[in-house]
Every structure is written in structure tokens, then in C-alpha cells.
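Me: I am new to this structure and would like a close look at one part, the helices towards the end of the chain. Please take me through how they meet, and then through the open and enclosed spaces elsewhere.

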Amino acid sequence: CGLRIQEALAVHKSCFRDGGKTLRVFEQGGRYGKGTMPLKHRKAGEFRDVPVPGYVWAMVKDLPDGYLFHNGERFPLYSSYLKEFTRNAKAAQIPDGFTPHSLRHAFVSALLARNVPITDVAQWLGHRDINETYRTYGHLIPSAAARAVSVLDAEYAEWSAAE
């Protein structure tokens, strides 16, 4: 869902809303696996709502209540999570270099390639400034030139018909 890894590690089942279609993100795993802390660049209590694909909700809906990645004592450390992720990625024959953060990029790439507005994507990513999103992902936005020509031709056709 485009989350930063520390955010993903602190997802609680109760954060899923609207029948699993939305995820309310309001905290991230704290340092050293101890507790949680506010989101990056946010104050306690601030949150963002992120769309959830159906396949994610299908994996989560029957899990017990509570944090998805908490073992009852602590949250996983990023380094431990990365080691496990890398091991599983290798077993799944995913190319070297694909990291947990690559999932965030895949989320953005899929949305922008299908013309989801970058303003919405920036909000879901938790970027305070859309320019950050554009600098990082702007190259993924399909060219609108062909669509612009079509729109302008249609506008001209309306003007011509009105005469």
C-alpha cells in the first residue's frame, strides 16, 4: 500500500476501514523494536488514509486482532525484517536488489501509469510536499500530449458546430 517499512511494521488490524478498502496509518515502529512513534514528519494523532487493494485485505481479514507484525513483546527490527524479506525474495526468485522499499515504488508506479493523480499519490505516500513526489516519480507519469490534442480537437469541434 505504499507504506514506508517502519509504517508497515506497525499496522494494526483495526486500522483497516471501509470493509478493508482503506488503511488509516497513524504510527510507525519505534527504534529498536520498542513501541511505536508518530509518523515521519507528523505529530502524534496525525494520520493518512491509504487505499487498500482487495488482495491485501483478503490476506488480513481473517487474522486475529492486533498488530500484524508484533510478537507480543516487540516489533521486528528493520534489519531482521530485511533479512527475512531477502531470504523469501530469493526463494521466490525475485531479482537481487528488490528491497522492501521497492514495494513502495511499485505501488506508485502502478498508480501513476494508470493516470491516478499525483496529488492523491503524494498524499497516500505521506509526502508533505508534492514536489518531492514529482521529483522522485514524475518520469512515471504518462505523457498527456495525445490526450491534450484529443481534448483540444473536441473543444474546437464544439465551437465549430455552434457557429
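Reply:

**Where the helices meet**

In this predicted model, a good place to start is the contact in which Ile 118, Thr 119, Ala 122 and Leu 125 of helix H5 meet Ile 130, Thr 133, Tyr 134 and Tyr 137 of helix H6. Sorted by class, the residues of this contact between H5 and H6 are 6 nonpolar and 2 polar, with no charged residue among them. Helix H6 covers residues 130-137, and its axis comes within 9 Å of the axis of H5, the two crossing at roughly 105°. Since angles of 65 to 115 degrees count as roughly perpendicular, that crossing makes H5 roughly perpendicular to H6.

Helix H5, which runs over residues 118-125, also packs against helix H4, residues 100-113, and here the angle is about 160° while the axes lie 10 Å apart. An angle over 145 degrees counts as roughly antiparallel, and H4 and H5 are therefore roughly antiparallel to each other. The way in which H4 passes H5 is a right-handed crossing. On the H4 side the contact is made by Arg 104, Phe 107, Val 108, Leu 111 and Leu 112, and on the H5 side by Ile 118, Val 121, Trp 124 and Leu 125. Counted by class, this contact of H4 with H5 has 8 nonpolar residues and 1 charged residue, and no polar ones.

Helix H4 also leads on to the largest pocket, because the largest share of that pocket's lining, 7 residues, comes from H4. At least two lining residues each are supplied by helix H1 (5-8), helix H2 (54-60) and H4. The space in this largest pocket amounts to about 750 Å³, and 25 residues line it, with Cys 1, Ala 8, Val 56, Met 59 and Leu 103 lying nearest its centre. By class, the lining of the largest pocket divides into 23 nonpolar residues, 1 polar and 1 charged.

The second largest pocket holds about 170 Å³ of space, and its lining is made up of Gln 6, Gln 28, Gly 29, Gly 30, Arg 31, Tyr 32, Gly 33, Met 37, Pro 76, Leu 77, Tyr 78 and Ser 79. Two elements, strand S3 (27-29) and helix H3 (78-91), give two or more residues to that lining. In the second largest pocket the lining has 5 nonpolar, 6 polar and 1 charged residues.

Finally, turning from the pockets to enclosed space, the structure holds 1 cavity of 30 Å³ or more, and the volume of the largest cavity is about 40 Å³. Its lining consists of Glu 7, Ala 10, Val 11, Cys 15, Arg 24, Val 25, Phe 26 and Glu 27, which by class are 5 nonpolar and 3 charged residues, with no polar residue.

Definitions and conventions
Residues are numbered from 1 along each chain as its sequence is written. This is a predicted model: local features need pLDDT of at least 70, side-chain atom pairs count only at pLDDT 80 or more; totals for chains, interfaces and linings use all residues. Side-chain values use heavy atoms; hydrogens and water are left out. Axes are lines fitted to C-alpha atoms, for helices over the stretch in contact, and angles run from 0 to 180 degrees between N-to-C directions. Helices (H or I, at least four residues) and strands (E, at least two) are DSSP runs, numbered from the N terminus. Angles under 35 degrees count as roughly parallel, over 145 as roughly antiparallel, 65 to 115 as roughly perpendicular and the rest as oblique. A crossing is left-handed if the near helix is turned anticlockwise from the far one by less than a right angle, and right-handed if clockwise. Contact means heavy atoms within 4.5 Å. Ala, Val, Leu, Ile, Met, Phe, Trp, Tyr, Cys and Pro count as nonpolar, Asp, Glu, Lys and Arg as charged, and the others, Gly among them, as polar. On a 1 Å grid over the protein atoms alone, a cavity is a set of points where a 1.4 Å probe fits but cannot get out, and a pocket is an open set with protein on both sides within 12 Å along at least five of seven lines; lining residues have an atom within 4 Å of a point. Grid points are joined across faces, edges and corners, and a volume is the space filled by probe spheres set on the points.
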